[in-house]
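Please open the structure in your viewer and keep the selection tool at hand, as this tour moves from one selection to the next. At each stop, you will be told what to select and what is to be found there.

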Amino acid sequence: MTDQNEISVLRRKAGVGRDPSDGAGMSAAKAFRLAISKASEVELGLAARVLSFKEAQVSQAQLLEALNGDALLVMLEGPEESKGIAVFDMQVLSALIEVQTLGLVIRAEAKPRPPTRTDSAMCEAMLDRVLQGFEGHLADSSSAGWATGFRFQKQIGSLRLMGLALADVPYRLFHLQLDLSDGAKQGVLQIALPAQGVSHKPAGAAGDDGWAQAMENTVNDSHVAISAVLHRVQKTLTDVQALQVGDEIVLPKSSISAVSIEGSDGCIVGVARLGQKNGFRALRMTGDAPGPQLPPMADLVGDMPAADVPALDFPAPDMPDPMSGEGLEPLPDLMAMPVEMDAMGAQAGAAPMADFPDLPMMPMEGASVEGNDEISMATPMAAMPLDIEIA
């Protein structure tokens, strides 16, 4: 055997068991190994490593058949409304819960139990860190198109609901056998992502359009607080202070179908109908915000500037001076005029008018009558209505 043949044999022996893409670049298997080890250490202080890795491309029906319906099912949200799946079996789930509640992983097999929303909330940070590290390791590879942008969205209660939420497209299913806390527990983590994915253009690749797109994405990802106002009623301050647990406030039936969606500044952004979904109260948007309303007439008049009308100069009429008496006819002597009231009354058939009696003075309520000029303010004031918002 020549030296060249010996070198070729040694190279083939050294390559046995290695990932075929290790030398050329990062693979999905290596990216998951690095991401899980780092995420568990940083987020939980837990030693975790991948014992075995399997990857398969499956249809939606095949994917649902390969998943464990008794495990914790988590929906992943990706770019352009694409969906993925993460499945924690009971051993992996118990290890993550135990290390966060007890500070260690119990060296015993976990008993089966239904997963809860608390379980999914306690796994969210770990899962997001794994997905972030996974896409980071594949950012410079050809796999970046399908591996980028997926994060925790919510827990799904059953495989049936999972099938309704998933699009009927091919998926990449990753099966990872994990060792947790140096053999304290071993379990399976399954992650499924759309096989095709969504292509991503780096920011700035299209000149100013890249900056504008990045700015738009940042604004669209910002959180906005909105309130759902079911009804508003007016109560006096006395009624509000008298409210107790168990008191009822009657709401009109129309308020259920006309829930006002308002922003933090009080602006109405839409109208919704109150209902329920999966046992929880929910709102269905039924319309946009109503058009702008005109302000009251008093406000319009108050805001209008005063018109600048020029003063008109009319000539004064030629009137005689009343103090001089010139040009005025003398008035007759009123005392000398005959008074025939009795005759007038007799002709009309009316009885002679008698003098009215003096009316007694009525004292004012709360006022002092005997020489006191001050008036008491004991009269009750009118109640002031208050607005109560039921949201």
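Begin by selecting E81, which is exposed, because its relative accessible area is 72%, and bear in mind throughout that the model in front of you is a predicted one. If you trace the chain on either side, you will find that E81 sits in the loop between β2 (72-77) and β3 (83-88). Its backbone also deserves a look, since phi of E81 is near 65°, a positive value in a residue other than glycine. Most residues other than glycine have a negative phi.

A second stop with a positive phi is D182, where the angle is near 55°, and this residue too is not a glycine. Select the loop between β5 and β6 (185-194) to find D182, which counts as exposed because its relative accessibility is 62%.

Now clear the selection and show the whole protein chain as a cartoon, in which 11 helices and 12 strands make up the secondary structure. Of the 391 residues of the chain, 26% count as buried, and a surface view would display about 28,700 Å² of exposed area, of which carbon and sulfur atoms supply 56%. Among the contacts in the chain with a separation of 6 or more, 64% are between residues 24 or more positions apart.

For the interior, select L76, F88 and F134, which are the residues with the most contacts inside the largest nonpolar core, a set of 45 residues. The largest share of this core, 8 residues, is supplied by helix α2 (residues 28-44), so that helix is a good one to colour next. Apart from this core lies another, of 14 residues, with L67, A71, M75 and I85 among them.

Which residues does F134 touch, once those up to four places away in sequence are set aside? Display their side chains together, and you will have A28, A31, F32, A35, W146, A147 and L193 around F134.

The next thing to look for is enclosed space, and the structure holds 1 cavity of 30 Å³ or more. The largest cavity has a volume of about 60 Å³, and to see its lining you can select A48, F88, V92, L96, M126, L127, V130, L178, L180 and L189. The elements giving two or more residues to this lining are α4 (90-101), α5 (117-137) and β5, with the largest share, 3 residues, coming from α5. If you colour the lining of the largest cavity by residue type, you will count 10 nonpolar residues, no polar ones and no charged ones.

From the cavity, turn to an open space, the second largest pocket, which has a volume of about 410 Å³. Its lining is shown by selecting R117, K154, Q155, I156, G157, L161, A165, K277, N278, F280, R281 and A282. At least two of these lining residues are supplied by each of β4 (151-156), α7 (159-165) and β11 (280-288). Coloured by type, the lining of the second largest pocket divides into 5 nonpolar, 3 polar and 4 charged residues.

Stay with β4 and α7 for a moment and select S158, which lies in the loop between them. S158 is partly exposed, because its relative accessible area is 24%. Add L72 to the selection, and the C-alpha atoms of S158 and L72 are 9.2 Å apart, although 86 residues separate the two in sequence.

Continue to P170, in the loop between α7 and β5 (171-180), a residue that counts as partly exposed because its relative accessibility is 38%. Leaving aside neighbours within four places in sequence, P170 is in contact with Q57, V58, P194 and A195. One of these partners, V58, is 112 residues away along the chain, yet its C-alpha atom is separated from that of P170 by 5.7 Å.

For the last stop, select strand β10 (residues 268-277) and pick out V269 within the strand. Is V269 buried, exposed or partly exposed? At 48% relative accessibility V269 counts as partly exposed, because that class lies between the cut-offs of 20% and 50%. Finally, add I226 to the view, and you will find the C-alpha atoms of V269 and I226 separated by 8.8 Å, with the two residues 43 apart along the chain.

How values were computed. Residues are numbered from 1 along each chain as its sequence is written. This is a predicted model: local features need pLDDT of at least 70, side-chain atom pairs count only at pLDDT 80 or more; totals for chains, interfaces and linings use all residues. Side-chain values use heavy atoms; hydrogens and water are left out. A nonpolar core is a set of buried Ala, Val, Leu, Ile, Met, Phe, Trp, Tyr and Cys residues joined through side-chain atoms within 4.5 Å. Buried means under 20% relative accessible area, exposed over 50%, partly exposed in between (1.4 Å probe, protein chains only). Helices (H or I, at least four residues) and strands (E, at least two) are DSSP runs, numbered from the N terminus. Contact means heavy atoms within 4.5 Å. On a 1 Å grid over the protein atoms alone, a cavity is a set of points where a 1.4 Å probe fits but cannot get out, and a pocket is an open set with protein on both sides within 12 Å along at least five of seven lines; lining residues have an atom within 4 Å of a point. Grid points are joined across faces, edges and corners, and a volume is the space filled by probe spheres set on the points. Ala, Val, Leu, Ile, Met, Phe, Trp, Tyr, Cys and Pro count as nonpolar, Asp, Glu, Lys and Arg as charged, and the others, Gly among them, as polar. Accessible areas come from the Shrake-Rupley method with a 1.4 Å probe; for residues, only the protein chains shown count as cover.
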